Amino acid sequence: MVVREVANGVFLIDVFDMGIPNRTAAYLVRDEKCVLIDVGSARSKEHVINGLQEIGLKEDDLHFIVLTHIHIDHAGGVGWLLEDFPHTRVVVHPKGSPHLIDPEGLKASTRKARNSYPFHPCDFLPVAAEKITVGKDGQQLRLGKRTLTLIETPGHAPHCLCIHDDLTSGIFVGDSLGLKIDYVLEGDKYEVALPAMVPPRFEPQKALSATEKLARFDPEILYYSHFGSTRDVRRLMEKYRVAVQRSLEIAENLKNKEVDRETAFAQIYTWILKEILEIPEEKFEKIGGEMKISLELNTLGLLGYIFNK
Ligand SMILES: [Zn+2]
């Protein structure tokens with residue numbers, strides 16, 4: 001299923017990041033004015049357009065695209081999508097806006113952070129400055145029956161925004177509460193709740209503050225970019241908080257011991273597998289494909305925090 005209504009007027013569109021289903025989502029919020037939250041990478045354009053058509057959205061009905069942050073798997077396709085939606089405005093964090101207007105630096109940092117992975121085109125089409133609304137903390141978008149409120153949540157990246165929807169009492173969390181994906185390994189299902197501590201700018205202390213800020217909204221439903229909605233809010237928020245807190249302790253410990261990068265990589269990688277994913281040791285070797293990539297990115301993000309300070 002590519003599109004499904006997950007709450008009142010909230011539609012999940014699978015953007016098939018890396019060509020993989022159930023990995024990365026965009027959300028269409030339907031009201032008198034409609035809002036698309038995230039767009040996937042350049043290669044997601046067709047999936048997004050098909051999804052919007054399936055929902056029955058017409059070109060002029062899409063008032064805003066709101067970006068949870070400007071990482072490629074969420075925002076890479078925005079310039080391409082605007083070719084088909086010329087009247088739509090893009091709402092983005094003030095730290096993200098200059099990079100959409102002139103994406104050269106963003107392309108370079110994406111290549112640097114994810115170069116060894118073949119799945120992303122590292123492509124961004126510039127967005128005209130006059131199409132951008134800079135989204136600040138507390139800013140509201142009134143859509144009709146519902147109002148969306150922007151929440152600044154730096155931590156995963158400095159340019160993170162979450163979006164609160166008053167009608168469903170839900171929050172679109174982007175990557176600000178990590179990832180929650182169901183992963184099947186040799187017939188056994190694991191709940192992968194990774195902290196999304198990816199390069200180049202993961203900052204654990206800020207991620208913890210962002211979690212507290214989101215908890216104060218007391219949401220009833222979370223809309224994850226990776227992947228899908230859940231009403232199991234309190235447990236998952238706490239799981240995320242503990243994972244980030246623990247990652248911070250591990251990072252400080254490794255820093256104090258002055259270990260080299262390779263040793264630190266191995267220790268963090270194993271810690272994630274054992275404690276976060278709770279995958280038994282005998283199955284470590286069996287993990288491959290995109291899950292391995294996610295694990296490596298999380299490890300590299302924490303390494304960046306340890307060694308770049
Ligand atoms: Zn991200």
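These legends walk through close-up views of a predicted model.

**View 1. The chain splits into two domains.** Start with the broad layout: domain 1 covers 3-233, and domain 2 covers 242-307. Their C-alpha centres sit 25 Å apart. Where the two domains touch, 23 residues come from domain 1 and 24 residues from domain 2.

**View 2. Here is the side of domain 1 that touches domain 2.** Three elements give two or more residues to this side: strand S12 (181-185), strand S13 (188-192) and helix H6 (204-215). H6 supplies the largest share, with four residues. Sort this side of domain 1 by class and you get 18 nonpolar, two polar and three charged residues.

**View 3. Helix H6 meets helix H7.** The axes of H6 and H7 (residues 233-257) come within 9 Å and cross at roughly 165°. Angles over 145 degrees count as roughly antiparallel, so H6 is roughly antiparallel to H7. The crossing of this pair is left-handed. On the H6 side, look for Pro-204, Gln-205, Ala-207, Leu-208, Thr-211 and Ala-215. Across from them, H7 brings Met-237, Tyr-240, Arg-241, Val-244, Gln-245, Ser-247, Leu-248 and Ala-251. The contact of H6 with H7 has nine nonpolar residues, plus four polar and one charged.

**View 4. Helix H8 crosses helix H9.** Now for another helix pair: H8 (residues 261-276) and H9 (residues 289-307) have axes that come within 9 Å and cross at roughly 130°. H8 and H9 are therefore oblique to each other. Their crossing is right-handed. From H8, the contact uses Arg-261, Ala-264, Phe-265, Ile-268, Tyr-269 and Ile-272. H9 answers with Leu-295, Asn-298, Thr-299, Leu-302, Leu-303, Ile-306 and Phe-307. Ten residues of the contact between H8 and H9 are nonpolar, two are polar and one is charged.

**View 5. Six strands line up in an open sheet.** Follow the order S8-S9-S10-S11-S14-S15 across this sheet, where the pairing is mixed. At the edges stand S8 (140-142) and S15 (228-230), each with a single partner strand, so one side of each has no neighbour in the sheet. On average, neighbouring strands here are turned by 20° against each other, direction ignored. As for what holds such an arrangement together, strands of a sheet pair through backbone hydrogen bonds, either parallel or antiparallel.

**View 6. Strand S14 pairs with edge strand S15.** Zoom in on S14 (residues 221-224) and S15, which pair in the antiparallel sense over three bridges. Tyr-223 has Ser-229 of S15 as its bridge partner. The loop between S14 and S15 holds Phe-227. A cis peptide bond joins His-226 to Phe-227, with omega about -5°.

**View 7. Pro-199 and Pro-200 share a cis peptide bond.** Omega is near 5° for the bond from Pro-199 to Pro-200, which is cis. You'll find Pro-200 in the loop between S13 and H6. Both S13 and H6 also appear in View 2, on the side of domain 1 that touches domain 2.

**View 8. Phe-16 has a positive phi.** This residue isn't a glycine, yet phi of Phe-16 is positive, near 50°. To find Phe-16, go to the loop between strand S2 (10-14) and strand S3 (25-29).

Technical notes:
Residues are numbered from 1 along each chain as its sequence is written. This is a predicted model: local features need pLDDT of at least 70, side-chain atom pairs count only at pLDDT 80 or more; totals for chains, interfaces and linings use all residues. Axes are lines fitted to C-alpha atoms, for helices over the stretch in contact, and angles run from 0 to 180 degrees between N-to-C directions. Angles under 35 degrees count as roughly parallel, over 145 as roughly antiparallel, 65 to 115 as roughly perpendicular and the rest as oblique. A crossing is left-handed if the near helix is turned anticlockwise from the far one by less than a right angle, and right-handed if clockwise. Two residues are in contact if their C-beta atoms, placed from the backbone, lie within 7 Å. Ala, Val, Leu, Ile, Met, Phe, Trp, Tyr, Cys and Pro count as nonpolar, Asp, Glu, Lys and Arg as charged, and the others, Gly among them, as polar. Two strands pair if DSSP finds at least two bridges between them. Domain bounds come from an automatic or database domain assignment.
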